[in-house]
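The exercises that follow ask you to work through one protein step by step. Try each task with the structure in view before reading its solution.

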Amino acid sequence: MMIIILCGAIWRYLSPGGVDSEKARQVITGLVYNLLLPALILAILWQAPLGISSLKISGLAALGILVGLLLGWLACRSCRMPRAVTGAVILAAAFPNANYLGLPVLVSVFGEWAASVAIQYDLFASTPLLFTLGILLAQQFGQSEVRESIGHRLMRIPPLWAALLAVALNLGNVPAPALLQNTLSMLGESVIPLMLLVLGMSLRWEVLRWDRLPSVAVVVVIQLLLMPLVVWGGALMLDLEPRLLAPVVLEAAMPSMVIGVVICDRYGLDTTVYAAAVTVSTLLSLISLPLWYGWLPV
């Protein structure tokens, strides 16, 4: 996984074949977001066991994100950061990279069954909160006049619609035709390597500067240390199924989500601070995630 991320990072600077990394990233992201990831979600959630554990996973994800939002706001307020920086730090501290990194990590560590944990964590809590509360916060702290309704934003999330369809088919006990299931699985197999490649392309080394260290440090402490602790404590209180504990806590320990860069651009937040937080938290997660895995009961 690290080698694939590194390949993406190298592509950003070498542009092999004359293919610009930013254009390649946009094309690959569009392909994954609109076709491949929905296919993977449909294939997995259609067959996955859903029940009270799904509600617990979603609740724990929401708990971690809401605590991250609060801690990020408190830290920025105490440090008197500018509004544009405050908005970027709050988003970076609260929303983990649950799909683009979380999904590959969970599948690699625990096996295919854990993919449903990453998908439920992201699509049943993280993504809805990002495109509702997260956008409202971006509008509040940003300088853009862009305004969209919550319903309009949620309508444009193909993976979310795929998840809702899969849950409906699952709970309705609708059998999956073998041909369709094989097709969805084949499309979904390409998601993980492409996600990792795009993650590497998204790392921006030029934004790393010493004056951004305090803002980035706030994000790293909350995202990589405090959020997983909060989710771990919540999981113990909810008596989460033992085999789900480690995957859920690792999801909470993921670095900042990449898509937040787009939100910062759109709503006038400090994109460079957010990009620096993504880059640093992603690099440090290569150390922190194995440590969390070693501490967790598996």
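**Exercise 1. Which residues does Leu-36 touch, leaving out those up to four places away in sequence, and where does Leu-36 lie?**

Solution. Begin with the contacts: in this predicted model, Leu-36 touches Leu-31, Leu-187, Gly-188, Ser-190, Val-191 and Leu-194, once residues up to four places away in sequence are set aside. Next, place the residue in its element, which is helix H2, covering residues 21-47. Then take one partner from the list and look at the distances: Leu-36 and Ser-190 are separated by 154 residues in sequence, while their C-alpha atoms are 7.3 Å apart in space. Finally, consider accessibility: the relative accessible area of Leu-36 is 6%, and because buried means under 20%, Leu-36 is buried.

**Exercise 2. Find the element that holds Pro-38 and list the contacts of this residue beyond four places in sequence.**

Solution. Pro-38 is found in helix H2, the helix that also holds Leu-36. Leaving aside neighbours within four places in sequence, the contacts of Pro-38 are Val-32, Tyr-33, Pro-158, Pro-159 and Ala-162. For a distance across the chain, compare Pro-38 with Leu-187: the two are 149 residues apart along the chain, and 9.3 Å separates their C-alpha atoms. With a relative accessibility of 11%, Pro-38 counts as buried.

**Exercise 3. Is Arg-25 buried or exposed, and which residues does Arg-25 touch beyond four places in sequence?**

Solution. Locate Arg-25 in helix H2, and then read its relative accessibility, which is 16%, so that Arg-25 counts as buried. Apart from residues up to four places away in sequence, Arg-25 touches Val-198, Met-201 and Ser-202.

**Exercise 4. Describe the pair of rings formed by Phe-110 and Tyr-293, and say which parts of the chain the pair ties together.**

Solution. A pair of aromatic rings is described by two quantities, the distance between the centres and the angle between the planes. The protein has 4 aromatic pairs by the rule used here. For Phe-110 and Tyr-293 the ring centres are 5.9 Å apart and the planes meet at 65 degrees, so this pair is edge-to-face. Phe-110 belongs to helix H5 (residues 102-110) and Tyr-293 to helix H14 (residues 271-295), so the pair ties together parts that lie 183 residues apart in sequence. The two partners can also be described by accessibility: Phe-110 is buried at a relative accessible area of 16%, whereas Tyr-293, at 34%, counts as partly exposed. As a last step, add Trp-113, which forms one aromatic cluster together with Phe-110 and Tyr-293.

**Exercise 5. What sign does the phi angle have at Ser-15 and at Arg-80, and where are these residues found?**

Solution. Start with Ser-15, which is not a glycine and yet has a positive phi of about 45 degrees. Ser-15 is found in the loop between helix H1 (2-14) and H2, and its relative accessible area of 22% makes it partly exposed. Turn then to Arg-80, where phi is positive as well, at about 55 degrees, although this residue is not a glycine either. The place of Arg-80 is in the loop between helix H3 (52-79) and helix H4 (83-94). Arg-80 has a relative accessible area of 76%, and since exposed means over 50%, Arg-80 is exposed.

**Exercise 6. How many helices and strands does the protein have, and why does its radius of gyration agree with a compact globule?**

Solution. Count the elements: there are 14 helices and 0 strands. For the radius of gyration, take the chain length of 298 residues, for which a compact globule would have a value near 19 Å; the protein has 18 Å, and therefore the two agree. The C-alpha trace spans about 55 × 50 × 40 Å along its principal axes. Of the 298 residues, 53% count as buried. Among contacts with a separation of 6 or more, 86% are made by residues 24 or more positions apart. The accessible surface comes to about 13200 Å², and 70% of this surface belongs to carbon and sulfur atoms. To finish, look at charge: the protein has 15 positive and 14 negative side chains, and the centres of these two sets lie 9 Å apart.

Conventions:
Residues numbered from 1 in each chain as written. Predicted model: local features only at pLDDT ≥ 70, side-chain atom pairs only at ≥ 80, totals over all residues. Heavy atoms only, no water. Helix = DSSP H or I, 4+ residues; strand = E, 2+ residues; numbered from the N terminus. Rg over C-alpha atoms; globule rule 2.2 N^0.38 Å. Buried < 20%, exposed > 50% of the residue type's maximum accessible area, 1.4 Å probe, protein only. Contact = heavy atoms within 4.5 Å. Areas by Shrake-Rupley, 256 points an atom, 1.4 Å probe, with all protein chains shown as cover. Lys, Arg positive; Asp, Glu negative; His and termini not counted. Charge placed at Lys NZ, Arg CZ, Asp CG, Glu CD. Phe/Tyr/Trp six-rings, centres within 6.5 Å; stacked < 30°, edge-to-face > 60°.
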